[in-house]
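Thanks, everyone. I'll take this one quickly, and I'll start once the structure is up.

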Amino acid sequence: MMPEKSKNFWFWFVVVIILTAITRFYKVKEPDHVCWDETHFGKMGSWYINRTFFFDVHPPLGKMLIGLSGKLTGYNGTYPFEKPGDKYNGTRYEGMRIFCTTLGSLIIPMAFDTVHDLTKSTEAALISASYLIFDVGMITLNQYILLDPLLLFFMVGSVWGMVKVTKCTILRNSYSTQWWFWLFLTGTMLACTISVKFVGLFVVLLVGLNTIHQLWIILGDIEISAVESLKQLICRAIALIIWPIFLYMVFFYIHLQVLNRSGNGDGFYSSAFQSRLIGNSLYNASMPEKVAFGSIVTLKNHKTGGGYLHSHYHLYPKGAGARQQQITTYTHKDENNKWIIKPYKVDEYKKVKMLKNGDLIRLMHFSTKRNLHSHNEPAPITKKHLQVTGYGESGMGDTNDVWKIIIPGGKDNETLLTVTTKFTLIHFLQNCALTSSGKQLPKWGFEQAEVSCNLNVRDTNAFWNFEDNINEKLSKVNFEVYAPGFFERFMESHAVMFQGNAGLKPKDGEITSRPWQWPINYKGQFFSGSEYRIYLLGNPFVWWSNLLFLLTFTSFYSVEAIRNKRRKKTQIDELKPENITVIDQDHMKGASWLFTGWIFHYLPFWAMGRVLYFHHYFPALIFSSMLTGVMFDYIFIKSTSWIRHIAIGTLLSILAYSFLLFSPLSYGMTGPMANEPSSTMYGLKWLETWEF
């Protein structure tokens, strides 16, 4: 059994819970309009309630829980969540906000208990919790319908479980009910963290490193047999690897079972994947199995997340090649995705002729009657490729409209099949392959994806398949036989998400940031504009003092490492564990793991090429806030009791006062901006980059 907590611990634990509840749930229903990314995650919650399929770059658990919380609290899934600032007008949005706020609130008592277990110090735990309670940025991020409070809750829960398992193991309580409970709780929390956002991988790495460290200690203990060490390894592998993987796949299974109706995300997925979605043109579809000349077809790019070959009446602008009709790929179902397959010479279909490997064809756009065309002009974005356009009138064009259809590895005269045949289109004159670079066109191209002709005909993005196939002269077959199973859809979902994450671009007017800006609280982000303003920004005292204590830890740790290296043997004997106070060991060990957590959740962003935002720093902030509590207590641990209590009291008073000054950032500002003397925030705009 683990030792019981003191009355002092429980008193301050209750105080922390009360303060957390007051600061988090105050004005949780305000403003009564859509704020920031509620427009995305509220909408996705609605889609789960309506079972409508969609595409998102994040795993499904967080959005499923938001949808479930809405369903259980009376929300019917009909509100459109179109844009920030839209009034809710009686919509039952409150349940989803309260759910997210509740999980965000539970972060703080878990952090309190985690620091206490690491240091055996109630004072360190209280300071760490206070840093989180009085940070206005944490309040803002936790009060809305977002994935962040769920991500942070599961992340802190993973660390909490990790510390509990370590504590049980040190106290020789392995295999007890408590030990198994905390071990499987840790595995569950890890699965949930990475099932909300892929950045949950960072806490998986932290727990993995801690587990390896624990196993190394066990292996090096001569009192523990090799069999016992193997048992410890197997138990942790089951609870921290196999169990989380199982849960992760269960969450995806539920996700794919719930979202079984066609929606606006269909086009990001393969034709076979779409055949499982009720309402999709491929669901339980009957259409010709073989493709023939005269068929009206849609062509889907075969790469992960590839769109449909698409055209519209708009021309390429000046400077983007010949001023002919635009050709793009578009990830949504649309009438402008339809094409007619024509022979390259004859325009009559007296009898049905199947399309075969090696045939020369023209593709005429169904709506505009212009042919798919390429010529010796550079593509608008990928200048090494040739431009692809729509050319001609009523199907009459020139020899640059002729394409050769090739089945890679196919037999001569092999017939092309709907959905299943993968092929390339090689331009007859230019000898280039029709491809989708995946690069987004500017506004003039409606931000659809570029289509070009690559002189490297081995381009891996140049594969296509026919998805829709309309031809009244051909007999039809049911395509249910091509519907993939769970594992195939699971793998494809991940490929599409990874590609989507890598290609994330900022929206118009959206404030992005770089990692160097985050720890210094350089610039915030508006959650709500107009008359009732909410501004995501950290409490400056919390963030800047966190930086100070990060530097303090690295200084203490570095100095101590150098001193230990330079000591004589007789001096080293004095540093044996029996000659060092337990408090010193606990504080520095605990601080080391928290610092490692901060590193894992901050440094990887420096290497990311995708668009980044200020809120990405908040997982790292939690670790640095817990580290601050540990280091502050470490500095004053050997002081007399009254000096220590005065120092802690002063720190907590400054935290509370700074919170009162900056709390309108979270709870709402009205009236003039902070740079005007009549503003309630006048004098608090300490950096020019702050915009409130």
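Helices and strands here are DSSP runs, at least four residues for a helix and at least two for a strand, numbered from the N terminus. With that in hand, Asn-284 sits in the loop between helix H11 (271-274) and strand S1 (286-288). I'll come back to that residue. One caution before the tour: this is a predicted model.

Overall picture. The chain has 18 helices and 16 strands. Its C-alpha atoms fill a box of roughly 100 × 75 × 55 Å along the principal axes. There are 692 residues, and 56% of them are buried. Now look at contacts between residues at least 6 apart in sequence. Of those, 75% join residues at least 24 apart.

Next, the cores. Which residues touch the most other members of the largest nonpolar core? Phe-618, Ile-622, Leu-665 and Phe-692 do, in a core of 136 residues. Helix H7 (residues 148-170) supplies the largest share of this core, 13 residues. A separate core has 28 residues, including Val-297, Leu-363, Leu-386 and Val-388.

Stay with Phe-692 for a moment. Set aside its neighbours within four places in sequence. Among its remaining contacts are Phe-526, Tyr-535, Leu-537, Leu-665 and Met-669. The list also includes Met-673, Ala-674, Met-681, Leu-684 and Lys-685.

Another buried position is Val-542, in helix H13 (residues 540-566). Is Val-542 buried or exposed, by the numbers? Buried: its relative accessible area is 0%, and the cut-off for buried is under 20%. Beyond four places in sequence, Val-542 contacts Tyr-131, Phe-134, Asp-135, Ser-625 and Leu-655. For a sense of distance, take Val-542 and Ala-379. They are 163 residues apart in sequence and 51 Å apart in space, C-alpha to C-alpha.

On to helix packing. First pair: helix H8 (residues 177-196) and helix H9 (residues 201-220). Their axes are 8 Å apart and the packing angle is about 155°. Anything over 145 degrees counts as roughly antiparallel, so that is the label for H8 against H9. Who meets whom? H8 brings Thr-186, Leu-190, Thr-193 and Ile-194, and H9 brings Leu-201, Val-203, Val-204 and Val-207. By class, that contact has six nonpolar residues, two polar and no charged.

Now a length check on both. H8 has 20 residues, and at 1.5 Å a residue they should span 28 Å. The end C-alpha atoms of H8 are 28 Å apart, which agrees. H9 also has 20 residues, with an expected span of 28 Å. Its end C-alpha atoms are 28 Å apart too, so the check agrees there.

How many of the 20 residues of H8 are buried? The count is 14, so H8 is largely enclosed by the rest of the structure. In H9, the buried residues include Phe-202, Val-203, Leu-206, Val-207 and Asn-210. Thr-211, Gln-214, Leu-215 and Ile-218 of H9 are buried as well. Keep the helix repeat in mind when you read that list. An α-helix has 3.6 residues a turn, so residues three or four places apart point the same way.

Second pair: helix H10 (residues 226-258) and helix H12 (residues 486-502). These axes come within 11 Å and cross at roughly 95°. The window for roughly perpendicular is 65 to 115 degrees, and H10 and H12 therefore qualify. On the H10 side, the contact uses Tyr-248, Met-249, Phe-252, Tyr-253, Leu-256 and Gln-257. On the H12 side, it uses Phe-486, Phe-487, Arg-489, Phe-490, Ser-493, His-494 and Met-497. The split by class is nine nonpolar, three polar and one charged.

Last, backbone geometry. Some background first. Most residues other than glycine have a negative phi, and most peptide bonds are trans.

Back to Asn-284, then. Its phi is positive, about 50°, and it is not a glycine. Asn-284 is partly exposed, with a relative accessible area of 41%. Lys-369 is another non-glycine with a positive phi, near 65°. Lys-369 lies in the loop between strand S6 (360-365) and strand S7 (371-378). Its relative accessible area is 32%, so Lys-369 is partly exposed.

And which peptide bond is cis? The one from Glu-30 to Pro-31, with omega near -10°. Pro-31 falls in the loop between helix H1 (7-25) and helix H2 (38-50).

That's my tour. Over to you.

Note on methods: Residues numbered from 1 in each chain as written. Predicted model: local features only at pLDDT ≥ 70, side-chain atom pairs only at ≥ 80, totals over all residues. Heavy atoms only, no water. Axes fitted to C-alpha atoms, helices over the stretch in contact; angles between N-to-C directions. Parallel < 35°, antiparallel > 145°, perpendicular 65-115°, else oblique. Contact = heavy atoms within 4.5 Å. Nonpolar A, V, L, I, M, F, W, Y, C, P; charged D, E, K, R; others polar. Expected span 1.5 Å × (residues − 1). Buried < 20%, exposed > 50% of the residue type's maximum accessible area, 1.4 Å probe, protein only. Core = buried A, V, L, I, M, F, W, Y, C linked by side-chain atoms within 4.5 Å.
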